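Biologist: Could you walk me through this model while I have it open? I'd like to start with the annotated site and then move on to the packing.

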Amino acid sequence: MALPTANQVSLGRETPKHYGITSPISLVQAKEADLVLTHRLTEALKPYGVFEEELELQRRIHVLGKLNTLVKEWIRDVSETKNLPASVIESVGGKIFTFGSYRLGVHTKGADIDALFVAPRHVERTDFFSSFLDKLKEQEEVKDLRAVEEAFVPVIKLSFDSIEIDILFARLALQTIPKNLDLRDDGLLKNLDIRCIRSLNGCRVTDEILHLVPNIENFRLTLRTIKLWAKRHNIYSNILGFLGGVSWAMLVARTCQLYPNAVASTLVHKFFLVFSKWEWPNPVLLKQPEDCNLNLPVWDPRVTPSDRYHLMPIITPAYPQQNSTYNVSVSTRAVMVDEFKQGLSITDEILQNKAEWSKLFEAPNFFQKYKHYIVLLASAPTEKQHLEWVGLVESKIRILVGNLEKNEFITLAHVNPQSFPGPRESREKEEVSTMWVIGVIFKKMETSENLNVDLTIDIQSFTDTVYRQAISSKMFEADMKIQAMHVKKRQLHQLLPSLVMPKRRKHSTEGLRQMNDSSLDLSLDSDNSMSVPSPTALSAAVPTSTPVKSGPLGPPPSPIAAAASQPEIQASTMSPPAVKRPGSPMQEERKRLKSDSEESATERQTSGDSVPSSQTTSPPPTMGPPVAHKTPNQEVLEEKSPKEHQMEDPSIVPETKTEDSGAASVGEGEGGTSVEAEVNEDSISEEMAASEGEVKMEANITRMVSTDLSDVPLLPANPIPVVKNSIKLRLSR
């Protein structure tokens, strides 16, 4: 393949036009070596499917043409029903605009299309969601049609000839829609309702970005590279507190403004250079904000106090200017800045011919990066209910991250944007679930004393918020559940059995494989789990006079680890009994431990010991590592009950406390349950090996004001009682 020509990479002349709010950093023209590196970059991108075939592109254009024709026909029909003159009907117009990755020219194979339907003033939004929806239903090519009229930005979603399309609607204050309409005109916003302004915003921002970069082709290739890198490194998700497509586009556009004559290979390197050293929370602006005197709210920390707490502001260039990174938290910003620095180091090597571009796209193994993880499971009885439930839970995960960040013992909470099919509680029961994994770094302890960390309120307030939202929006159905579990790094292979989980390695670039949703027995799910059940399922729970113990996670117990397992009783808040897995090396050890624990339970019952209604305390295991074996750098996450706080034995004894305000006692309460669990300690050698990713992250992060969550609506108290769970962990030196 021939090297790119000067026209293709647009070496160009020194750009006379001024781009951005500052002068360029460099106007140096590209050299031959830069062209060679850009060619290599293009070749490195191809295996990842970031370039669409010409045939597929033409198919998209054909589909959009058919949709545009359909829109014009419908507008004529609506105009006739409203008795407009024939002369006006012929010229009334109406048009489909695109925005997002397709409009920017960086869409990938199989990506959806974001579209905006612009209509004249006599066409109402109610028409769009009624007669136009009916017209779409009549089309043979249209599948999976659904309208979301009550969304923040109302939308119709559909698949047109196997291409996913999201259509927004905007009604302009114009009698006719001209063919050459420029949506960047601020005058179009006059006399529009807020929903139309929001719908127009996507197109207006996309068009502004394209008008604010010196060279569109260089911008596109650079953006393709950065988007692929961000997805491979699990930092591409606006809803979970990272950056979405438009935010990455604006960062790349700003880099292009600062280096207007550079080609893509140079721009990628400069991208990492600029934003690894950017002094956040200074905002990224593509142009000076303009005030159109339309009294619309805009991002301005001088006027709006809440804007002062945004941690990584990237401001959209179109009026009304908004911060596109509102969801970024202390943890997600720290993760992204660390990735910027690693990207800079890698591109330095590439420019020095010490590495290939493929190294930039090597995916780090998130599941080897941290010692401790919190796993979230969202489950629902049917596929349809599951789609709605998962969407709600995912949109609130940033609240959980914010809660964890506020905990005085937590330094960082890193949620992996990639979700996985979750396990089923029972093979006989139809259930669909999705799982997210959050890596957690705890603060290094300055003293040798053990620290007790209580995550109960952090997780419970998150689950309460989700349930109240579901109930208030009338989306909640029976058996919609959220479960939160704490697991250690070496135990993740039990929850994610199909993932490549190499042992004793700091980093891994091996890809992830699809997980079999039926391959996990939930009775072995975690060393510390909190299950928040369906509020309506409480009446089915069992009394708590009998302790319930979950089986151990991870490999067979080591000589210095203690684990116990007792027969489980099935309840709506817990897992079903364990299913024996043939060939498991743990079976004999489990049988022995089960027998021992059953004997001890019988002894306790014989001696007349009773279980308190609000709190179940398990005695410490008789086996445990001597305290003298602990090292100053050893960090073990363990659960401990109040009775154990004065004991030297650091074995893990999780405690789960169930409260029900409507019950006088556990036996009489509605679904009160008491859960005990014991898990293996990490071996000393594993705990002494500190994760390199954790050390870097802890060095980079600084404690700042917590993320502003003011957009979370204040909801009424949950009318349905929810089981309160208690999770207490112990950090040991």
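Modeller: Before we talk about who touches whom, contact here means heavy atoms within 4.5 Å. Please also keep in mind that this is a predicted model.

Biologist: Fine. Which residues does Asp112 touch, not counting residues up to four places away in sequence?

Modeller: With those sequence neighbours set aside, Asp112 touches Arg60, Glu164 and Asp166. Asp112 itself is placed in the loop between α5 (100–104) and β2 (113–119).

Biologist: And is Asp112 buried or exposed?

Modeller: Neither label fits, because its relative accessibility is 31% and Asp112 therefore counts as partly exposed. The cut-offs behind that are under 20% for buried and over 50% for exposed.

Biologist: What about Asp114, where does that residue lie?

Modeller: Asp114 lies in strand β2. Leaving aside neighbours within four places in sequence, Asp114 is in contact with Phe97, Thr98, Phe99, Gly100 and Asp166, and Asp166 also appears among the residues that Asp112 touches.

Biologist: Which UniProt feature covers Asp112 and Asp114?

Modeller: The UniProt record, an unreviewed entry, has the annotation "binding site" covering Asp112 and Asp114. The "binding site" feature in UniProt, again from an unreviewed entry, is also placed at a longer set of positions, including Phe99, Gly100, Asp166, Lys227, Tyr236 and Gly245.

Biologist: Let's take Tyr236 from that set, then. Where is Tyr236 placed, and which residues is Tyr236 in contact with?

Modeller: Tyr236 is in the loop between α8 and α9 (245–258). Beyond four places in sequence, its contacts are Lys227, Ala230, Lys231, Phe242, Leu243, Gly244, Gly245, Trp248 and Pro417. Two of those partners, Lys227 and Gly245, are themselves among the positions that UniProt annotates as "binding site".

Biologist: How do Tyr236 and Gly245 come out on accessibility?

Modeller: Tyr236 is partly exposed, with a relative accessible area of 23%. Gly245, which lies in helix α9, is also partly exposed, at 26%.

Biologist: Switching to packing: at what angle do α8 and α10 cross?

Modeller: Helix α8 (residues 216–232) and helix α10 (residues 264–276) cross at roughly 50°, and their axes come within 9 Å. The two helices are therefore oblique to each other, and α8 passes α10 in a right-handed crossing.

Biologist: Which residues in α8 and α10 meet there?

Modeller: From α8, Asn218, Leu221, Thr222, Thr225, Ile226 and Trp229 take part, and they meet Ala264, Leu267, Val268, Phe271 and Phe272 in α10.

Biologist: How does α2 pack with α8?

Modeller: Helix α2 (residues 32–45) packs with α8 at an angle of about 50°, with the axes 11 Å apart. That pair is therefore oblique as well, but α2 passes α8 in a left-handed crossing. Thr38, Leu41, Thr42 and Leu45 of α2 make the contact with Leu221, Thr225 and Leu228 of α8. Leu221 and Thr225 in α8 also take part in the meeting with α10.

Biologist: Further along the chain, is Thr332 buried or exposed?

Modeller: Thr332, in helix α11 (residues 330–351), is buried, with a relative accessible area of 1%. Leaving aside neighbours within four places in sequence, Thr332 is in contact with Leu240, Gly241, Phe242 and Glu405, and Phe242 is also one of the contacts of Tyr236.

Biologist: And what about Leu311?

Modeller: Leu311 is found in the loop between α10 and α11 and is buried, with a relative accessible area of 4%. Its C-alpha is 7.5 Å from that of Arg333, although Leu311 and Arg333 are 22 residues apart in sequence.

Biologist: Last topic, confidence. What is the mean pLDDT, and where does pLDDT stay under 50?

Modeller: The mean pLDDT of the protein is 73, and 64% of its residues reach 70 or more. The value stays under 50 over residues 1–15, for which the model has 33 contacts beyond four places in sequence. It also stays under 50 over residues 503–693, where the model has 434 such contacts, and I would read those with care.

Biologist: How many helices and strands does the protein have?

Modeller: The protein has 17 helices and 17 strands, and buried residues make up 55% of its 733 residues. Among contacts between residues at least 6 apart in sequence, 78% join residues at least 24 apart.

Conventions. Residues numbered from 1 in each chain as written. Predicted model: local features only at pLDDT ≥ 70, side-chain atom pairs only at ≥ 80, totals over all residues. Heavy atoms only, no water. UniProt positions renumbered as here; feature names shortened; annotations may be inferred. Helix = DSSP H or I, 4+ residues; strand = E, 2+ residues; numbered from the N terminus. Buried < 20%, exposed > 50% of the residue type's maximum accessible area, 1.4 Å probe, protein only. pLDDT = per-residue confidence, 0-100. Axes fitted to C-alpha atoms, helices over the stretch in contact; angles between N-to-C directions. Parallel < 35°, antiparallel > 145°, perpendicular 65-115°, else oblique. Left-handed = near helix turned anticlockwise from the far one by under 90°.
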